[in-house]
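Trainee: Could you take me through this structure step by step, so that I can follow it while I look?

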Amino acid sequence: MPDPSTPRSSRPYRAVILDVDGTLIDSNAAHVEAWVEALREHGFDIPAAEIWPHVKDLDWSMVNSSSGAAPWPLRLFPMDKHYRWLGRSGAAGQGYGPGASIGAANGNKSLGRFTFSYQGDGDLMYVPGSLWTASHHNIPMLMIVHNNRGYHQEVMHVQRLSNRRNRVANLGKTMGPVGTSIEGPDIDYASMAKSMGWWSAGPIKDPAELGAVFAKAVQVVRAGEPALVDVWSQPR
Ligand SMILES: Cc1ncc(C[n+]2csc(CCOP(=O)(O)OP(=O)(O)O)c2C)c(N)n1
Ligand SMILES: [Mg+2]
């Protein structure tokens, strides 16, 4: 043991062990449970990543995780194979998610992998027609819409700038949501997808309903069809 009074910078290192989850210790489940518990202590009873129990025994490939939802699946899911996550668009251009996901799902199809994505609602609004391409070409995948009824990153920009410039853009009854919110009418993504040949469900507003809906959607995708589940969420 080095003498703890010796400054850290001058202690000799005998070995350095680098671990990534799943390499030496599979701490993934504990990690998820720790988040759930920590949130519960703060009054948020949020069930763990609901899709996980349905895909964990499949050869899964998460092909997109865009916008506000992006970091969470990457923190919670074990990335133990190169195709577990497809990565991001290079230039952060909106409208990347659906096309990239459906293209990847097309590749995964012949490899027998189960494809799913977390899809921002705003990102989907740039290229909704890509859904038609998936059903037209019989490309199975599960698309979970992270529906926060907005281009929410832009809402946050407007809030920040209006605060800085002492404007009132986001005090509730003003111009803040113009061009950034996707409400009134709220888009029914399940109907939109259905009209283009997808199996679909939603909008799901109660997390308790997610488990059963995902179980059904996974079955549909495994039988060879694309499925979309529209899930309402908080902005961030
Ligand atoms: C082509 C293009 N237009 C505009 C933007 C600016 N932009 C960045 S994030 C974003 C909103 C994304 O909305 P959504 O996918 O619903 O994610 P959220 O921020 O709501 O989680 C926009 C418009 C961009 N990155 N690319
Ligand atoms: Mg959004």
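The questions and answers below go from the overall fold to single residues.

Trainee: This is new to me, so how many helices and strands does the protein have?
Mentor: Please keep in mind throughout that this is a predicted model. From the N terminus on, the elements follow one another as α-α-β-α-α-β-α-α-β-α-α-β-α-β. The secondary structure of the protein therefore comes to nine helices and five strands.

Trainee: In which order do the strands lie in the sheet?
Mentor: The sheet is open, its five strands pair in parallel, and the twist from one strand to the next averages 15°. Its edge strands, each pairing on one side only, are β1 (60-65) and β4 (199-204). Reading across the sheet, the order is β1-β2-β3-β5-β4.

Trainee: Which residue of β2 stands opposite W60?
Mentor: β1 and β2 pair in the parallel sense, and five bridges hold that pairing. In this pairing, the residue of β2 that stands opposite W60 is F114.

Trainee: How many residues of β1 are buried?
Mentor: β1 is an edge strand of the sheet, pairing on one side only. Even so, β1 is largely enclosed by the rest of the structure, and the number of its residues that are buried is six of the six.

Trainee: Moving along the sheet, which residue in β3 does G120 stand opposite?
Mentor: Strand β2 (residues 114-120) and strand β3 (residues 142-147) run parallel and are joined by five bridges. Within β3, the residue opposite G120 is H146.

Trainee: And which residue in β5 stands opposite I144?
Mentor: Six bridges join β3 to β5, and these two strands run parallel. Leaving aside neighbours within four places in sequence, I144 is in contact with several residues, including I51, F116 and V231. The residue that stands opposite I144 in β5 is V229.

Trainee: What is the bridge partner of I204 in β5?
Mentor: The pairing of β4 and β5 is parallel and extends over four bridges. As for β5 itself, five of its six residues are buried, so this strand is largely enclosed by the rest of the structure. In β5, the bridge partner of I204 is V231.

Trainee: Which strands does helix α9 touch, and what angle does its direction make with that of β5?
Mentor: Helix α9 takes part, together with β4 and β5, in a right-handed β-α-β unit. Made of residues 210-222, α9 packs on the sheet and touches β2, β3, β4 and β5 (227-232). The angle between the direction of α9 and that of β5 is about 160°.

Trainee: Which element gives the most to the largest nonpolar core?
Mentor: In soluble globular proteins, nonpolar side chains tend to be buried together. Here the largest nonpolar core has 37 residues, of which F116, M141, L142, I144 and V229 touch the most other members. With five residues, the element that gives the most to this core is α9.

Trainee: Is V221 buried or exposed?
Mentor: V221 has its place in helix α9, and its contacts beyond four places in sequence are with F114, P140, M141, L142 and A227. From C-alpha to C-alpha, V221 and T115 are 8.4 Å apart in space, although 106 residues separate them in sequence. Since 23 other C-beta atoms lie within 10 Å of V221, this residue counts as buried.

Trainee: Where is P185, which a cis peptide bond joins to G184?
Mentor: The bond between G184 and P185 is cis, with omega about 5°. A cis peptide bond also joins G202 and P203, again with omega of about 5°, and P203 lies in strand β4. P185, by contrast, is found in the loop between α7 (152-164) and α8 (189-195).

Trainee: Is A92 buried or exposed?
Mentor: A92 sits in the loop between α3 (71-76) and α4 (96-111), and its phi is positive, about 60°, although A92 is not a glycine. A residue with 12 or fewer other C-beta atoms within 10 Å counts as exposed. Because A92 has 10 such neighbours, A92 is exposed.

Trainee: Where is R149, another residue with a positive phi?
Mentor: R149 is not a glycine, yet its phi is about 50°. With 18 other C-beta atoms within 10 Å, R149 is partly exposed. Its place is in the loop between β3 and α7.

Definitions and conventions
Residues are numbered from 1 along each chain as its sequence is written. Chains are lettered from A and ligands numbered from 1 in the order in which they are written. This is a predicted model: local features need pLDDT of at least 70, side-chain atom pairs count only at pLDDT 80 or more; totals for chains, interfaces and linings use all residues. Two strands pair if DSSP finds at least two bridges between them. Axes are lines fitted to C-alpha atoms, for helices over the stretch in contact, and angles run from 0 to 180 degrees between N-to-C directions. Two residues are in contact if their C-beta atoms, placed from the backbone, lie within 7 Å. A nonpolar core is a set of buried Ala, Val, Leu, Ile, Met, Phe, Trp, Tyr and Cys residues joined through C-beta atoms within 7 Å. A residue is buried if 20 or more other C-beta atoms lie within 10 Å of its own, exposed if 12 or fewer, and partly exposed in between; C-beta atoms are placed from the backbone. A crossover is right-handed if, with the strands pointing away from the viewer, the path from the first strand over the helix to the second runs clockwise.
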